[in-house]
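Subject: Structure for you to look at

Hi,

Here is the structure I promised to pass on. Have a look at it first, then read my notes underneath.

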Amino acid sequence: MKNFLSVFVKTSAFILLFIFNGCLTFHKVSYEVKLTQPNSGSVLIDMYDIRSTAANNKEFDDDKKNLFQYMLKSKQFIEDQKSQGKDIIARKLFLENGKLNGQVEYKFTEIENVEGMKYDGGFHYINLKMDDSVIATNGEIIRSKDYKRIVWDSTFTELKFTMLANPFNGKEHFRSLAPYFNQKFNK
């Protein structure tokens, strides 16, 4: 749990709609924000290689239940996200190259509901910690002493960025959730 929350805090990542309440993490996360107005639009978020950091079988079972039942299928998850200004219009899990990936799409009417993004003076931006790893963006990365910022000017109607969440190369044990995913969960 601590690892997952620190990843989300580090990446400003959401987060996510997949506000994982357990010990879930993923390798990288991509955001594609499509603006209909400067402060409203929709977001498509892709999470790659979802895994668990559960220390025991009970925690692992909780992670599976949280992911496959609550986040993927429950109406309560939709309501919980709506209370945070995220109107979910699609959510799914899928297997790709033996890894479990997730995707969620939601509408918003306040840009701040998208990972704390801001719109000011004709620019959209998101502030990140210096050690956050931005893999790709169509914006410009500006670094200061204390943080880095991705900035897009008003000509952009699509704001894109991809961040490394967890390289899975440390001493922690990560359990794949792919073997437990059944395609029937998405129907």
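Let's begin with Thr162. Setting aside residues within four places of it in sequence, Thr162 is in contact with Lys28, Val29, Ser30, Ser133, Val134, Ile135 and Ala136. Keep in mind that this is a predicted model.

Where does Thr162 sit? You'll find it in strand β12, which covers residues 158-164. Its relative accessibility is 15%, so Thr162 counts as buried, the cut-off for that being under 20%. One of its contacts deserves a closer look: the side chains of Thr162 and Ser30 make a polar contact at 2.8 Å.

Now step along to Met163, also a residue of strand β12. Is Met163 buried or exposed? With 0% relative accessibility, it counts as buried. Ser30 turns up again here: 133 residues separate Met163 and Ser30 along the chain, yet their C-alpha atoms are 6.4 Å apart.

Next, have a look at a sheet. It is an open one with 3 strands, in the order β1-β4-β13, and the pairing is antiparallel. The edges are taken by β1 (24-25) and β13 (175-176); each has a single partner strand, so one side of each has no neighbour in the sheet. As a reminder from the basics, strands of a sheet pair through backbone hydrogen bonds, and they can do that parallel or antiparallel. Strand β4 (residues 51-52) pairs with β13 in the antiparallel sense, over 2 bridges. If you want to see one of these pairings, go to Ser52: its bridge partner in β13 is Arg175.

Cheers

Key. Residues numbered from 1 in each chain as written. Predicted model: local features only at pLDDT ≥ 70, side-chain atom pairs only at ≥ 80, totals over all residues. Heavy atoms only, no water. Pairing = 2+ DSSP bridges. Helix = DSSP H or I, 4+ residues; strand = E, 2+ residues; numbered from the N terminus. Buried < 20%, exposed > 50% of the residue type's maximum accessible area, 1.4 Å probe, protein only. Polar contact = N/O pair within 3.5 Å; in protein donor to acceptor, adjacent residues only side chain to side chain. Contact = heavy atoms within 4.5 Å.
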